[in-house]
Amino acid sequence: MLCGSWRRCRRSPEEPRVSAQVSAPLALPPSPASPDSGTKRPGLRALKKMGLTEDEDIQAMLRGSRLLKIRSRTWHKERLYRLQEDGLSVWFQRRIPHAPSQHIFFVQHIEAVREGHQSEGLRRFGGAYAPARCLTIVFKGRRKNLDLAAPTAEEAQRWVRGLAKLRERLDAMSQRERLDHWIWSYLHRADSDQDSKMSFKEIKSLLRMVNVDMNDMYAYRLFKECDHSNNERLEGAEIEAFLRRLLKRPELEEIFHRYSGEDRVLSASELLEFLEDQGEDGATLACARKLIQTYELNETAKQHELLTLDGFIMYLLSPEGAALNMAHTCVFQDMSQPLAHYFISTSHNTYLTDSQIGGPSSTEAYIRAFAQGCRCVELDCWEGPGGEPIIYHGHTLTTKILFRDVIQVVHDHAFKLSPYPVILSLENHCGLEQQAVMARHLRNILGDMLVTQALDSHNPEELPSPEQLKGRVLVKGKKLPARHEDGRVLSDREDEDEEEEESEEAVEAAEQSRRAKPISPELSALAVYCCAARLRTLDPGPGPPQPCNIGSLSERKARKFTREAGNSFVRLNTQQLTRVYPMGLRMNSANYNPQEMWNSGCQLVALNFQTPGYEMDLNTGRFLINGQCGYVLKPAHLRQRDTTFDPECPGPPRTTLTVQVLTAQQLPKLNAEKPSSIVDPLVRVEIHGVPADCAHKETDYVLNNGFNPCWEQTLQFQLRVPELVLVRFVVEDYDATSPNDFVGQFTLPLNSLKQGYRHIHLLSKDGASLSPATLFVHICIQNSRGPP
């Protein structure tokens, strides 16, 4: 059953998957105009569903507030901010009118709301306003913080409390509730005269808003089937009937009826049969009964341990029915192995919010990196005025921030998401005096968080585990030999590796000696487990292994090691840490493919977190599992010292991945200002792993339907090293004359991909949720032999 083919059903392109039958109705609330709706304002039904219509904070937000937006020392402008009636978005005034979509932000895109002067902007520019009047809205992705000052402390608190309530309710919503919320918000916008009645013209407008171009005759036929009053207007129950037709999922109904039989309900034993066919590990009758109690909406059915179609759809749309294995969303891996046995989420030029030529530097960039699970951040340290070291991209126009401010951010934010250790990768350009200041700030601000001596004095050279280092901060830097603790010339710069590849070794050595900075004993003493060391060769040398050494390589040199001595590079990375960073030629802060480095067991694969793209999608997918704690245990063949694994020679295929791309739901509209712009979606499945496994295949495109496109196409891949594979699902808007436009994506490790019928919840280019947008697929994974 798992790898069985999907029965195809074809329809004309002008007829999207909308059925005229009404069975197993959706859990839609009463229509806006119905007597029990409690309001004649359709938009407020969403807030009523949330239980927030009478909330005083929400009422104040609906009325709106004039808040000061603060952007610089002199730019403080009053703007009107008002919660929209959908409860999902906030409208705000702009000095110069923009397109309507540029006047709102969405609650689901908010990362955090901070009170007081808790942002870099308000600390620098908000001193004229009492902290009690100030708040900062932090967004997911690359959108800048919104620093605001309210007229009174109470008004500021209303927005802080109100946004917290909205975010809490939104997070608690099921996927079906989000879909319900979403469709009614569009219905409210399409009701142009706000009379709670929908003409055919308004229905056509609604269809375009939700990304479907339906043939006029077919759309009018559906409209008339629901117009029971025969007055060319839909209202009350008629609107609900139309939405049920629009939101029907015939592919889910077919699966349900395949298992339920003629009685159109699933007993616990029938549901167990479905779970077993899904490949659910350890599925039992008790598990089936628990799912019924969790997802069934009808109390009578629940009492009789029966699952209706509505409950079945609720289950398939839930996290338990998603493609990502829920058991892998918490910390489930062994965290007691040496640090070198883990992939570690790592940021390059962490301080930058844009390019490395003229972009701004900000402490907020460190906060965002930590919020994304990053465990190794970079600090480019330079001599600053007043004896205070600064951080910026040297010899460029990037702005500067204080070293001590960054260390304070590490203290305040490093362990909010993950308890596991943070590594501070210092690129040191300071003289001895300011290095001593750096060491003092590290000790004074971090206190006991900072690792200043080996945890095990009997085995000081052995790398501890993430579990042993919970809540601790490690410094990566140069370590002076014992006989040179008075300060000595040693280099602490990453870009030397790049230079070595471009010049003769003798000339390079002389140049390095001329430019190298002395390393202070105070700073040297803090490099305990991450001692920066040059990695010119993979030859083990005469002495014992040095697990506490950490080599820094450019992406180019790492590729060269992999290509010329793959197994030796893998073996080195079983014992000590290796950090890989982008080439200096990437002036626009572009990224490289991190998968190439993970294939060789490199732990610290540094990327520009501020630059979205497929490279950061892969990084997010790699660290999506294990509680998003920033540490992922490497496969066994990348941890064994005597491993024979070589990513360039992985052996024959041993796993077959079959993906049936079935349907998609509620894809986002790419051009909200152009009603006639409807996406022509296609799906591409990408495999990222060892070179022999890398592949991509895609479906045909569906013309003019982003609401419920149907493909029913099968894509198959042969895999040699499945333990390293990341699977990336991408939806694009097809264009015959120019590159396709990105719609959404989701990336996850193959070993965390569940089999059977699964929904994939799509993310934006910045990694924000595109809810309720989903892909519906069938996954089959067949293994033919054991690991390498």
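This section describes the overall make-up of a predicted model and then selected strands, helices and residues.

The protein has 788 residues, of which 57% count as buried. Its secondary structure comes to 22 helices and 30 strands. Contacts were also sorted by separation in sequence. Among those with a separation of 6 or more, 70% join residues 24 or more positions apart.

One sheet is open and holds 7 strands. The strand order is β4-β3-β2-β1-β7-β6-β5, and the pairing is antiparallel. The edges are formed by β4 (104–106) and β5 (110–115). Each of these two has a single partner strand, so one side of each is left without a neighbour in the sheet. From one strand to the next, the twist averages 30°. Strands of a sheet pair through backbone hydrogen bonds, in either a parallel or an antiparallel sense. At the β4 edge, the partner is β3, which spans residues 89–92. These two strands are antiparallel and share 3 bridges. Trp91 has Ile104 of β4 as its bridge partner.

Towards the other edge of this order lies β6. This strand covers residues 134–139 and contains Thr136. Thr136 has a relative accessible area of 0% and is therefore buried. Its contacts, not counting residues up to four places away in sequence, include Ala112, Val113 and Arg114. Thr136 also touches Ser119, Leu122, Asn145, Leu146 and Asp147. Gln118 lies 18 residues from Thr136 in sequence. In space, the C-alpha atoms of Thr136 and Gln118 are 7.3 Å apart.

A second strand region centres on β11. Strand β11 spans residues 376–382, and 7 of its 7 residues are buried. In a regular strand, side chains alternate between the two faces of the sheet. Both faces of β11 are covered. One side carries Cys376, Glu378, Asp380 and Trp382. The other carries Val377, Leu379 and Cys381. The buried set thus includes Glu378 and Asp380, which count as charged because Asp and Glu belong to that class.

Strand β11 pairs with two strands of opposite sense. With β14 (residues 422–428), the pairing is parallel and runs over 6 bridges. Asp380 is matched there with Glu427 of β14. With β12 (residues 390–391), the pairing is antiparallel and consists of 2 bridges. Here Cys381 has Ile391 of β12 as its bridge partner.

Helices α14 and α15 form a packed pair. Helix α14 covers residues 363–371, and α15 covers residues 403–413. Their axes come within 9 Å and cross at roughly 25°. The two helices are therefore roughly parallel to each other. The crossing of α14 past α15 is right-handed. From α14, the contact involves Thr363, Tyr366, Ile367 and Phe370. From α15, it involves Asp405, Val406, Val409, Val410 and His413. These residues divide into 6 nonpolar, 2 polar and 1 charged.

Helix α8 spans residues 237–247. Of its 11 residues, 10 are buried, so α8 is largely enclosed by the rest of the structure. The buried residues include Ile239, Ala241, Phe242, Leu243, Leu246 and Leu247. Glu238, Glu240, Arg244 and Arg245 are buried as well. The cover over the buried residues of α8 includes α5 (175–190), α6 (200–209) and α7 (216–226).

The loop between α6 and α7 contains Asn215. At 30% relative accessibility, Asn215 counts as partly exposed. Lys204 is 11 residues from Asn215 in sequence. The distance between Asn215 and Lys204 in space is 9.8 Å, C-alpha to C-alpha.

A further asparagine, Asn619, sits in helix α22 (residues 614–622). Its relative accessible area is 3%, so Asn619 is buried. Asn619 touches Ser345, Trp598, Leu607 and Phe609, not counting residues up to four places away in sequence.

Definitions and conventions:
Residues numbered from 1 in each chain as written. Predicted model: local features only at pLDDT ≥ 70, side-chain atom pairs only at ≥ 80, totals over all residues. Heavy atoms only, no water. Pairing = 2+ DSSP bridges. Helix = DSSP H or I, 4+ residues; strand = E, 2+ residues; numbered from the N terminus. Axes fitted to C-alpha atoms, helices over the stretch in contact; angles between N-to-C directions. Buried < 20%, exposed > 50% of the residue type's maximum accessible area, 1.4 Å probe, protein only. Parallel < 35°, antiparallel > 145°, perpendicular 65-115°, else oblique. Left-handed = near helix turned anticlockwise from the far one by under 90°. Contact = heavy atoms within 4.5 Å.
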